[in-house]
Amino acid sequence: DSARNGFSFKGIKDYLECYRSGKLTPSQVGKNIIAQLEECDKSTPPLRAIVQWDREQIMLMAEASTTRYRNKCTLSCLDGIPVCLKEEFKVVPYHHRVGTVYLGTQPETEDATVAKKLREAGAIIIGVSNMHELGTGTTGCNPNRYHKIPRNPYNPNHFTGGSSSGSAAAVAAGLCPVAIGTDGGGSVRIPASFCGVVGLKGTFGRISCHGSLPLSYSTVSVGPICTSVADAAIVYSILAQPDLLYPYGLKQPKATLSDMCAPDLKGLKLGVDWTFFKACDAEVLSACEKAVKHLQSLGASVVEVSLPEMEEARVAHMICILSEMRDFLQPDFNKHFHRMNLETRASLALASQFTALDYIKANRQRTRSIRFLQEIFSTVNCILTPAVPCTAPRIYESDLVTGSSDMSFTVRSIRFMQLGNFTGIPGLVVPIGYSTAGFPISLQVMAKWWDEAVLLRIGLKLEQFRDQTKKPSIYYDILA
C-alpha cells in the first residue's frame with residue numbers, strides 16, 4: 001500500500017474497503033458498471049473497450065457476491081471485483097469471436113479455465129473485451145462491424161496497443177480494476193504500456209490457456225492487466241497453477257510471492273544490455289534510465305550483460321508465431337479470407353511464405369537463446385528494458401474504415417517483447433512516467449522461468465518511482 005496525492009486508480013483494495021465497510025455493495029457496483037457501459041458506448045468517439053456484455057449476467061454475479069458479504073462467507077479477495085476477459089477466451093454466454101466477424105456464431109456454453117477460476121473466486125465478469133482481429137497486430141486497430149477501434153483513455157485519438165486492446169482500455173478507463181489478456185508477441189504488455197497500467201506475462205505454461213483459441217501454441221502466455229502491481233500479484237496467485245486440460249503447465253513449480261514485500265532490493269542484481277536498452281525514443285530512454293537509477297538507490301546493483309543474437313531471435317520469433325498462426329488458421333484463410341480485415345490477410349499471406357526449413361531453423365535458434373538466458377540468469381536476477389520504444393501511435397481517419405497495416409511499427413513495438421515470448425520467460429511492465437505530450441511510458445522487468453515473484457518485488461518498488469499518476473481523459477469512477 002502506498003499513499004498517493006492527487007489521482008490514483010481504484011484497485012482491488014478500494015473495492016474491498018467499500019464492501020467491508022458497507023459503503024457500497026457489489027450489487028450497487030454492478031448497477032454503476034451497467035450505467036457506465038451504456039455511457040461509454042454512446043460517447044464520441046465510443047470507447048469500445050468491452051464489446052459484449054449482458055446486464056442480467058452482471059447483476060446475477062453481483063447479487064450473489066452481495067449475499068456472500070452479508071453472510072460473511074466471501075470466496076477470495078476477488079469476490080465482488082469487476083473483471084473482463086479478452087474475447088480470445090471462451091466466456092459463457094458470450095460469442096467466442098476472437099476479434100472476427102465469422103467465428104463464435106453461437107453463444108458459448110463452456111468457460112475457459114481462467115474464466116472458470118475467476119467465477120470460483122467470486123469475481124463479477126462484466127463482459128468480454130475488444131482485441132486485434134485474431135491477435136495479428138500490436139495497434140488494436142480492428143475496423144470490423146462487431147469491434148470497431150478501442151480508444152486510448154489517455155487520448156482517444158490514439159491507439160491502445162494490441163492485441164489485448166480492450167482489456168487495457170477497460171482497466172485504464174476505470175471500468176474494472178482487473179482484465180485478462182494473452183501475450184504471444186507483447187499482446188498484454190504493449191497495451192498495458194500504452195494505456196499506463198500494469199501488465200504481467202506469466203512464464204509460458206504458468207497460467208492455463210485452455211479455452212482460448214490456440215493461435216500460436218509455443219509463444220502465447222496468459223496474464224493480468226491491472227491498475228497496480230499488488231493487484232497483478234493477487235490475480236496471478238489465483239490463476240497460476242497446473243490445469244489438467246493444459247499440458248504445457250503441468251510440471252510447473254508452485255507459484256509463490258516470496259520476498260515480494262521486502263523493504264528494499266538489497267542483494268538483487270539487475271541485468272542491462274545498454275546497447276539493446278537504448279534503441280528507443282529519447283523521452284522513453286530518459287524516463288527508463290531514471291527508473292533504473294531509482295532501483296539502484298534501493299540497494300539493487302546494475303550489472304552490464306550482453307544479450308547475444310537478438311536479431312536472430314527477433315526473426316526466429318516472427319517465423320515461429322506467424323507459422324503457427326498460419327497453420328492453425330489455414331481453414332479460416334481458405335474459407336473466410338474475404339471476411340478478414342485487410343491487415344490480417346496480409347499477415348497470413350506473408351506467413352504462408354515461410355518454409356518448414358525456416359521453422360526448424362527458428363526453433364534451433366530458440367534452443368540457443370534459451371541457453372544464453374540460462375547463463376545470464378546464473379549471474380543476475382532479472383533483465384531490464386524499456387517496455388515499448390515509443391508511446392501510443394495516433395489513429396488516422398482511414399484506419400477507422402480500412403484498418404491499419406504498418407509493418408515497421410509492428411516490428412518496432414515488439415522489440416523488447418519478443419525475447420519473453422520466444423523463450424517463455426515472464427515479463428512485467430510498470431508505468432514509470434509520461435512523455436511531454438502526456439502519454440504513459442513503462443519499464444519492463446524480465447526474470448528466469450517461474451520466478452514471477454522477483455518481478456513483482458521489483459515492480460512494487462518501481463511503482464514508487466512515478467511521483468504522480470495522471471488521470472486519463474476518459475475515466476469512469478465506479479465507486480463514486
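The UniProt annotation "domain: Amidase", taken from an unreviewed entry, covers residues 36-456, and the structure examined here is a predicted model. Over residues 36-456 the chain is 37% helix and 14% strand, and the C-alpha atoms at the two ends of that stretch lie 31 Å apart.

The interior can be approached through its nonpolar residues. In soluble globular proteins, nonpolar side chains tend to be buried together. Here the largest nonpolar core has 135 residues, and the members that touch the most other members are Leu 85, Ile 126, Leu 175, Ile 180, Leu 384 and Ile 458. Ile 126 may serve as an example: when residues up to four places away in sequence are not counted, Ile 126 touches Ile 33, Leu 37, Ile 50, Gln 52, Trp 53, Ile 58, Pro 82, Val 83, Cys 84, Leu 175 and Cys 176. A second core, separate from the largest one, consists of 14 residues, among them Ile 321, Leu 322, Met 325 and Leu 348.

Two of the residues touched by Ile 126, Leu 37 and Ile 58, also take part in the contact between helices α2 and α3. Two packed helices are described by the angle between their axes and the distance between the axes. For α2 (residues 26-42) and α3 (residues 55-70), the axes come within 7 Å and cross at roughly 160 degrees; because angles over 145 degrees count as roughly antiparallel, α2 and α3 are described as roughly antiparallel to each other. Their crossing is right-handed. From α2 the contact is made by Pro 26, Ser 27, Gly 30, Lys 31, Ile 34, Leu 37 and Glu 38, while α3 contributes Arg 55, Ile 58, Met 59, Ala 62, Glu 63, Ser 65, Thr 66 and Tyr 69.

A second helix pair has another geometry, with α9 (residues 282-297) and α17 (residues 452-463) packing at an angle of about 110 degrees and their axes 10 Å apart. That angle makes α9 roughly perpendicular to α17, and this crossing, too, is right-handed. Ala 291, His 294 and Leu 295 in α9 meet Ile 458, Lys 461 and Leu 462 in α17; Ile 458 has already been named among the residues of the largest core that touch the most other members.

The loops deserve separate attention. Lys 90 is placed in the loop between β2 (82-86) and α4 (113-120), and with a relative accessible area of 31% Lys 90 is partly exposed. Leaving aside neighbours within four places in sequence, Lys 90 is in contact with His 96, Glu 108, Glu 110, Asp 111, Ala 112, Ala 115 and Gly 211. One of these partners, Ala 115, is 25 residues from Lys 90 in sequence, yet the two C-alpha atoms are 7.6 Å apart in space.

The loop between β2 and α4 also holds Pro 93, which is joined to Val 92 by a cis peptide bond with omega of about 0 degrees. Another cis peptide bond runs from Gly 162 to Ser 163, with omega near 10 degrees, and Ser 163 is placed in the loop between β3 (124-129) and α5 (165-172). Lys 148 is likewise in the loop between β3 and α5; its phi is near 60 degrees, a positive value in a residue other than glycine, and at 37% relative accessibility Lys 148 counts as partly exposed. Lys 72, in the loop between α3 and β2, also has a positive phi, near 55 degrees, but at 76% relative accessibility Lys 72 counts as exposed.

Technical notes. Residues numbered from 1 in each chain as written. Predicted model: local features only at pLDDT ≥ 70, side-chain atom pairs only at ≥ 80, totals over all residues. Heavy atoms only, no water. Helix = DSSP H or I, 4+ residues; strand = E, 2+ residues; numbered from the N terminus. Buried < 20%, exposed > 50% of the residue type's maximum accessible area, 1.4 Å probe, protein only. Contact = heavy atoms within 4.5 Å. UniProt positions renumbered as here; feature names shortened; annotations may be inferred. Core = buried A, V, L, I, M, F, W, Y, C linked by side-chain atoms within 4.5 Å. Axes fitted to C-alpha atoms, helices over the stretch in contact; angles between N-to-C directions. Parallel < 35°, antiparallel > 145°, perpendicular 65-115°, else oblique. Left-handed = near helix turned anticlockwise from the far one by under 90°.
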